[in-house]
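Got the viewer open? Here is a short tour, one selection at a time.

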There are 2 protein chains.
Amino acid sequence: MTRNFPWGFTRRMERSQIHRVSVADQVAGILRQRILEGELRPGTSLPEIPLATSLGVSRNTMREAVRILSIEGLLRRNIHRGVTVAQLSLKDVQEIYHLRRMLEIPAVLAGKPGRTDVFQELRAAVDAYEEAIRSRDWAKAVSCDLQFHTLLIRFHGNRRLESFYQKVIGELRMGMVLVDRSHDNPGGLVPVHRKLYQLLVAGKRKQCAAILAQHLEDSEARLGRVMAGQGPKPGARATRAKYSRAAKLPTRADGRGNSAVAGR
Amino acid sequence: MTRNFPWGFTRRMERSQIHRVSVADQVAGILRQRILEGELRPGTSLPEIPLATSLGVSRNTMREAVRILSIEGLLRRNIHRGVTVAQLSLKDVQEIYHLRRMLEIPAVLAGKPGRTDVFQELRAAVDAYEEAIRSRDWAKAVSCDLQFHTLLIRFHGNRRLESFYQKVIGELRMGMVLVDRSHDNPGGLVPVHRKLYQLLVAGKRKQCAAILAQHLEDSEARLGRVMAGQGPKPGARATRAKYSRAAKLPTRADGRGNSAVAGR
DNA sequence: CTGACTCAATTGTTCAACACTTGACAACTT
DNA sequence: AAGTTGTCAAGTGTTGAACAATTGAGTCAG
């Protein structure tokens, strides 16, 4: 239904391009990105006022943003004691991998050859993964890794499940930045993903599921090892976040510039 | 670690019983209850200011509560157009039942005889269900029904999964109040639940799973029929909620009375 | 060393004001 | 009459300031 207009726009463009997200959502998106990218480490304390002024928003707006993220599980809120970036325990990791096995394996088994769209995206994710490894961009590599698995979930064709899975994967990513760049074999997982993809397009679902199960097992074991290694450091707890007034949100008067702020 | 004190309290009681929930959470709990009980029907519009004054809280606090519920999926927020109680579509119902099959059936299959605690709670849920039917308390009956299924999920032993399932079930309940009291055979499901319970304690998991699958199938079909029957009524859309200043939150000066407000 | 007290810092909550959108209605044009 | 353009009220988004409540740390007498 995209009607064409003489001046070259379409109705659809008019609606979709215009920047129509609340400031609180944008702030939440920025914080989410910083947490997921590891700039804000688990356990970091986030006082409202400095955080708000550093982003150039009011305290109320910042509180809304913080609330969004604490409901999403990225922040932990202790009443009258402030919020901190959530911290994954070993038990959390076990729970998350239990979920992954529970959701990803049936997803693979349900992956019908008809979903060519998903297959294409999977292929793209594997390629991007390989490219990220080649250029030693570890952060992007992690993203591609998780993107691949998120796409597997799509075979279930269930929006609620997909958003739940993304939330879970987000928590995991927060734990993985704790692993930092201590990857022992960074590129080792590309062939695994490629193999999974090939088995999938070949329709060999059971074989694919078996390899996936093994892959998840390995992945959990590796993360578990790293987390056990660098246990809780009581001295370094409650790190205070440093703020720079550099990255401010655009004021309304400044214009409606960057629209690529929203998270996920 | 519950130390006893001369005046008869324990440390644990001191911490847990004291009313230490933010007002916004309480407000969210109240609204959640009203939505889930059907007092606020799907599609109802909820303007901030009257809603805030009717509960005796400030507009900001009400916005906090609304934010919580919209992230939970109970409210739908249209920017600059206000919030409405979320409305389930037929597709939503299909999605939810897909999830239920996906989560409940493996849960039953994973139900080991060792979980006597869960078995006891299941038994209690069935009994309460029967009692609710006997006393024709349909709202409570629905609660017991859903409580039974929530307990099944506990066999997975995964907190994240359980909270996700509860959220999904909450949405479903919102749809079920739409069904209203049009239950054709109200008590018909008690024997099914009892049968499920018995098969479970007997360790006959596969048989139990089969009956559960059938039960979910029937349940989805019935809900689908009812929803198809009373389709969207364009005239009755955007109903405005009526507010009575009767039910106000206790002011701080009034005391720290009711602590049973928090949701879930 | 313990316990009571003080005090600064931070969070929870409220209030009032302004900016911005939206939907509806009246006025206007053709 | 139909469509377009002002106008306006109602409601939401955001801000800034204020006050209440809680916490954690420091102080000081016993």
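Start by selecting Asn78(A): across from it, in strand 3 of chain A, stands Gly82(A). Now show strand 2 (75-78) and strand 3 (residues 82-85) of chain A; they run antiparallel and are joined by four bridges. Helices (H or I, at least four residues) and strands (E, at least two) are DSSP runs, numbered from the N terminus, and two strands pair if DSSP finds at least two bridges between them.

A word on what you are looking at: this is a predicted model, where local features need pLDDT of at least 70 and side-chain atom pairs count only at pLDDT 80 or more, while totals for chains, interfaces and linings use all residues. Residues are numbered from 1 along each chain as its sequence is written, with chains lettered from A and ligands numbered from 1 in the order in which they are written.

Widen the selection to the whole sheet of chain A: three strands, open, antiparallel, in the order 1-3-2. Strand 1 (45-46) and strand 2 of chain A are the edges, each pairing on one side only. Next, add helix 4 of chain A, which packs on the sheet and touches strand 2 and strand 3. Its direction makes about 110° with that of strand 2 of chain A (axes are lines fitted to C-alpha atoms, for helices over the stretch in contact, and angles run from 0 to 180 degrees between N-to-C directions).

Keep helix 4 (59-72) of chain A on screen and bring in chain B. Along with helix 5 (90-110) and helix 8 (159-179), helix 4 gives two or more residues to the side of chain A that touches chain B. In total, 17 residues of chain A are in contact with 17 of chain B (C-beta atoms, placed from the backbone, within 7 Å). How do the copies meet? Through the same surface, because 100% of the interface residues of chain A are also interface residues in chain B.

Try superposing them: a turn of 180° and a shift of 0.1 Å along the axis lay chain A on chain B with an RMSD of 0.1 Å (least squares on the C-alpha atoms of residues with pLDDT of at least 70 in both). The two copies are thus related as by a two-fold rotation axis.

Last stop, the DNA. Around strand C there are 17 residues, and Gly82(A), Ser22(B), Val23(B), Asn60(B) and Thr61(B) come nearest (near: C-beta atom, placed from the backbone, within 6 Å). Swing over to strand D, with 16 residues around it; Ser22(A), Val23(A), Asn60(A), Thr61(A) and Gly82(B) come nearest.

Definitions and conventions. Contact = placed C-beta atoms within 7 Å.
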